[in-house]
Amino acid sequence: MTVPLHKNSGRKNRLQEFLAFFVLFIGSSHFSSAEFYLDVLDFGAVGDGHTNDTQAFLDAWDEACGSLGNPIMVIPKYMTFLVHPLVFSGPCRSTSITVAVIGTVIAPDSPAAWKGKDPGKWLEFIDVSGLTVAGLGFGALNGRGLAWWNQSCRDHPRLQGCTSVAPTALTFSGCNSSSLNDIVSLNSSQTHFLIINSKAITVSNVMMQAPELSPNTDGIHIHSSHDVFITNSVFSTGDDCISIGDYTSNVVITNVICGPGHGISIGSLGRGGNSVQVENIHVSRSYLKGTTNGLRIKTWQVGRGYVRNVLFQDITFDSVQNPIIIDQNYCSEKGLCKEMPTGVHITNVTYTKMVGSSSTAVAINFDCDRSVPCTGLNLRYIYLWPVPTDLDGTSKITPAVTTSCANAHGYAVQVDPPVSCLQS
Ligand SMILES: *[C@@H]1O[C@H](CO)[C@@H](O)[C@H](O)[C@H]1NC(C)=O
Ligand SMILES: *[C@@H]1O[C@H](CO)[C@@H](O)[C@H](O)[C@H]1NC(C)=O
Ligand SMILES: *[C@@H]1O[C@H](CO)[C@@H](O)[C@H](O)[C@H]1NC(C)=O
Ligand SMILES: *[C@@H]1O[C@H](CO)[C@@H](O)[C@H](O)[C@H]1NC(C)=O
Ligand SMILES: *[C@@H]1O[C@H](CO)[C@@H](O)[C@H](O)[C@H]1NC(C)=O
């Protein structure tokens, strides 16, 4: 595509092109597959890593969103685009939009760029359906989170003006039938990818990476969403590789590599007394290495509602702390949460076919709620062994691994260490 002299002539060129498409395809059954490209360079983006390319991205998006046919918004290869916090809003006229992030998109490196904006978001798609964000194996989002980490209340509680909310790199909010594929997300200021109020979302071949000690840099967080598939992806972050929040159902996670990080978590659920509805969560064929938890379900005492029909299958652990854990006394700070008569009911959770090493003495830990015990915990074919040295170096050798249960009902078959603490 020729580079127009200025934006408006670019628009005219595309209008002509679009009309040509229209003439070609109107009345034809091929109309719906009419693809056309909207290159951000044609909208004035510079891609030198310094120029503010936000407006060009917005203009390209507006044209894509307002078009018929199947627009492909192109962020070209081998270039770096500095983009300020930005909302790509729908609903769109087009029922299928691809954003091809083949180059690199970087966030401002200073929290000052969020002044007057939502500090919780960097790039956000709202109410868009049929969206594909694809990196084609080249694309990267770099959240450049260092300055946010430096002022996080978690790591600097005494710093005046410390922040507990930092931008999530990418958000799909109210999006249906959409996907994120073949892309790398680096150094997000907080969560890398948030899926919220959405359904039928596919994530495949993504890599999400932040330093092990960076605060709250979860890989993917899913909240109030249904039918989410995550496959063939690699996470190494400072928090959960994948976490699942309240009001979420039908999640399939398969072929995932996780570590370092805090593991794969259902929770924390029920914060602030929410009535949790989480069901049909399947995690399979995954590998966790050096994480601070393996497969975790964590709920707040004040929570209500349920977590049910969960299946964890074909999992390998390598030097993982707490490989299998249910923590129903989850609290942001030790001692801050009182025991409550409420609780989230955890039921029908199956753990099957798992092997690997635990770097904590308690390899299987079910710490369930006293007033609402866990029921239907099923364990089969699990073999866990100690690693020679604790990760934190406090003890030289974990001689054996054990299990621990409180208020936990279910059964275990062929599990080593034996889970004799389960009540029937
Ligand atoms: C970058 O551009 C966007 C869109 O025009 C604008 O809202 C934002 O304030 C700009 N930021 C800076 C630092 O220039
Ligand atoms: C997504 O699906 C929900 C539920 O069916 C619907 O209310 C919403 O309008 C859809 N959103 C879009 C952007 O199509
Ligand atoms: C973050 O903190 C480190 C260590 O104190 C310092 O070297 C660095 O300059 C800070 N970076 C930013 C962007 O604030
Ligand atoms: C991510 O952040 C870390 C810590 O600041 C830094 O060492 C690393 O180079 C960053 N990675 C990228 C790709 O920017
Ligand atoms: C228990 O959960 C499994 C896995 O999600 C599901 O297949 C099964 O139907 C559930 N059982 C009941 C009784 O709901």
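Two strands are said to pair if DSSP finds at least two bridges between them, and this definition is the starting point for reading the predicted model shown above. Strand 16, which covers residues 226-236, and strand 18, which covers residues 248-258, satisfy it, since they pair in the parallel sense over eight bridges. One residue pair can be picked out by name: Phe229 has Val252 in strand 18 as its bridge partner.

Strand 18 is also joined by eight bridges to strand 20, residues 275-289, and these two strands run parallel. Here Thr254 stands opposite Ser284 in strand 20. When following such strands by eye, it helps to remember that in a regular strand the side chains alternate between the two faces of the sheet.

From the strands we can turn to a helix. Helix 2 consists of 13 residues, 54-66, and at 1.5 Å a residue it should span 18 Å, which agrees with the 18 Å that separates its end C-alpha atoms. Its buried residues, meaning those under 20% relative accessible area, are Thr54, Ala56, Phe57, Asp59, Ala60, Trp61, Glu63, Ala64 and Cys65. An α-helix has 3.6 residues a turn, so residues three or four places apart point the same way.

Thr54 of helix 2 appears again beside ligand 1, whose surrounding residues are Asn52, Thr54, Gln55, His84 and Lys117. By class, this shell holds no nonpolar, four polar and one charged residues. An N or O atom in the side chain of Asn52 is 2.4 Å from an oxygen atom of ligand 1, while for the side chain of Gln55 the corresponding distance is 3.1 Å. Of the 360 Å² of accessible area that ligand 1 has on its own, the protein covers 47%.

Around ligand 2 lie Asp127, Val128, Ser129, Gly174, Asn176 and Lys199, a shell with one nonpolar, three polar and two charged residues. Side-chain N or O atoms approach oxygen atoms of this ligand at 2.9 Å from Ser129, at 2.3 Å from Asn176 and at 2.8 Å from Lys199. Taken alone, ligand 2 exposes 360 Å², and the protein buries 42% of that.

Ligand 3, finally, is surrounded by Leu146, Ala147 and Asn150. A polar side-chain atom of Asn150 lies 2.3 Å from an oxygen atom of ligand 3, and the protein covers 30% of the 360 Å² of accessible area that this ligand has on its own.

How values were computed: Residues numbered from 1 in each chain as written. Chains lettered and ligands numbered in written order. Predicted model: local features only at pLDDT ≥ 70, side-chain atom pairs only at ≥ 80, totals over all residues. Heavy atoms only, no water. Near = heavy atom within 4 Å. Polar contact = N/O pair within 3.5 Å; in protein donor to acceptor, adjacent residues only side chain to side chain. Areas by Shrake-Rupley, 256 points an atom, 1.4 Å probe, with all protein chains shown as cover. Helix = DSSP H or I, 4+ residues; strand = E, 2+ residues; numbered from the N terminus. Expected span 1.5 Å × (residues − 1). Buried < 20%, exposed > 50% of the residue type's maximum accessible area, 1.4 Å probe, protein only. Nonpolar A, V, L, I, M, F, W, Y, C, P; charged D, E, K, R; others polar.
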